[in-house]
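Please open the structure in your viewer and keep the selection tool at hand. The stops below say what to pick next and what is found there.

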Amino acid sequence: QISFNPNPNSILRLVSRYIGSSKELALSPAVTIGDNKLALARDPNRSLKRSSLFNNLFYRQRPSSRWNFELSLGWVEQGLEEDNPSDPPERHGGRLISFTDFVNLKGKRLIFGTQHHLYLFPNNIFSLGIEYEKERVNFHEWGNLESKGKRPPVLTRYTETRDIWGFYAQNHFAWRERLFINAGLRLDYNKDFGTSLNPKVSAAYWIRPQTTKLKASFGTGFR
């Protein structure tokens, strides 16, 4: 993580993180010869690798006492690779047919967001925001799992993309540090699931300051 202040009223921050893992899987699906039943067999050459790369660039600026805004740009890459080479027949004494399987799954996401806060009246904050996410998934599989090991391995390959948009507005009102009211509206668009409009309202009141609070909220969501 790296951050610095270009001027007294702004901050720029870059965060980058990588996580990787690799392990041997002791068991693998197999088919018993004769009765054609699925079984789990010891498999010393089956492996699984995972990786995740996350990058985020964040900027906050306060141009005036009545307005500040935030910008965020993110890039995420995730990968999964499973390798299970074929086993010689003598490894299981001729009783099992182990599967040959290779899976390569890669996902990429571009994430952008901006949020603006307006301080137009005392004790009141009005916020506006936009979020955008583009996701792309590549899937490759080479194996004979579906044929239960009876036919040669085949290749399965597909690529999916998805666009997600979000727009929201929210108003926060506070009175004498005892009464707090929030009201917001959010519009979401998903390439696969369409458009959804959702409201949210919440209120809180300190009956006894710092000891007893009464709260209520209502809202709908889209996930």
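Begin by selecting Ile2, Leu14, Leu57, Leu71, Leu73, Trp75, Leu110 and Phe112, which make a nonpolar surface patch of about 660 Å². A patch here takes residues with over 30% relative accessible area and no salt bridge, with like charges joined within 9 Å and nonpolar side chains (Val, Leu, Ile, Met, Phe, Trp, Tyr) within 5 Å; accessible areas come from the Shrake-Rupley method with a 1.4 Å probe, and for residues only the protein chains shown count as cover. The elements that give two or more residues to this nonpolar patch are β4 (67-84) and β6 (101-118), and β4 gives the most, with three residues. Strands are DSSP runs of E of at least two residues and helices are runs of H or I of at least four, numbered from the N terminus.

This is a predicted model, in which local features need pLDDT of at least 70 and side-chain atom pairs count only at pLDDT 80 or more, while totals for chains, interfaces and linings use all residues. Residues are numbered from 1 along each chain as its sequence is written, and side-chain values use heavy atoms, with hydrogens and water left out.

Within the patch, pick Leu71, which lies in strand β4 and is partly exposed, with a relative accessible area of 32%; buried means under 20%, exposed over 50%, and partly exposed in between (1.4 Å probe, protein chains only).

Now colour the whole chain by secondary structure, which shows zero helices and 11 strands. Buried residues make up 26% of the 223 residues, and the accessible surface of the chain comes to about 15,200 Å², of which 57% belongs to carbon and sulfur atoms.

Next, select Arg42 in strand β3 (residues 38-64), where Arg42 is exposed, with a relative accessible area of 66%. If you add Ser28, you will find that the C-alpha atoms of Arg42 and Ser28 are separated by 6.3 Å, although the two residues are 14 apart along the chain.

Move on to the salt bridges (a side-chain nitrogen of Lys or Arg within 4 Å of a carboxyl oxygen of Asp or Glu), of which a search of the whole structure finds eight. Select Arg109 and Glu133, whose closest N and O atoms are 3.5 Å apart. This pair links distant parts of the chain, with Arg109 in strand β6 and Glu133 in strand β7 (residues 124-143), 24 residues apart.

Then select Arg186 and Glu131, which form a salt bridge with the closest N and O atoms 2.8 Å apart. Because Arg186 lies in strand β9 and Glu131 in strand β7, the pair ties together parts that are 55 residues apart in sequence. Adding Asp188 completes the view of a network of salt bridges that links Glu131, Arg186 and Asp188.

Keep Arg186 selected for the last stop: where does the largest pocket have its centre? Gln170, Gly184, Leu185, Arg186 and Lys200 lie nearest that centre, among 19 lining residues. β9 (179-190) is one of the strands that supply at least two residues of the lining, and β9 gives the most, with six residues. About 300 Å³ of space lies in this pocket. On a 1 Å grid over the protein atoms alone, a pocket is an open set of points where a 1.4 Å probe fits, with protein on both sides within 12 Å along at least five of seven lines, and lining residues have an atom within 4 Å of a point; grid points are joined across faces, edges and corners, and the volume is the space filled by probe spheres set on the points.
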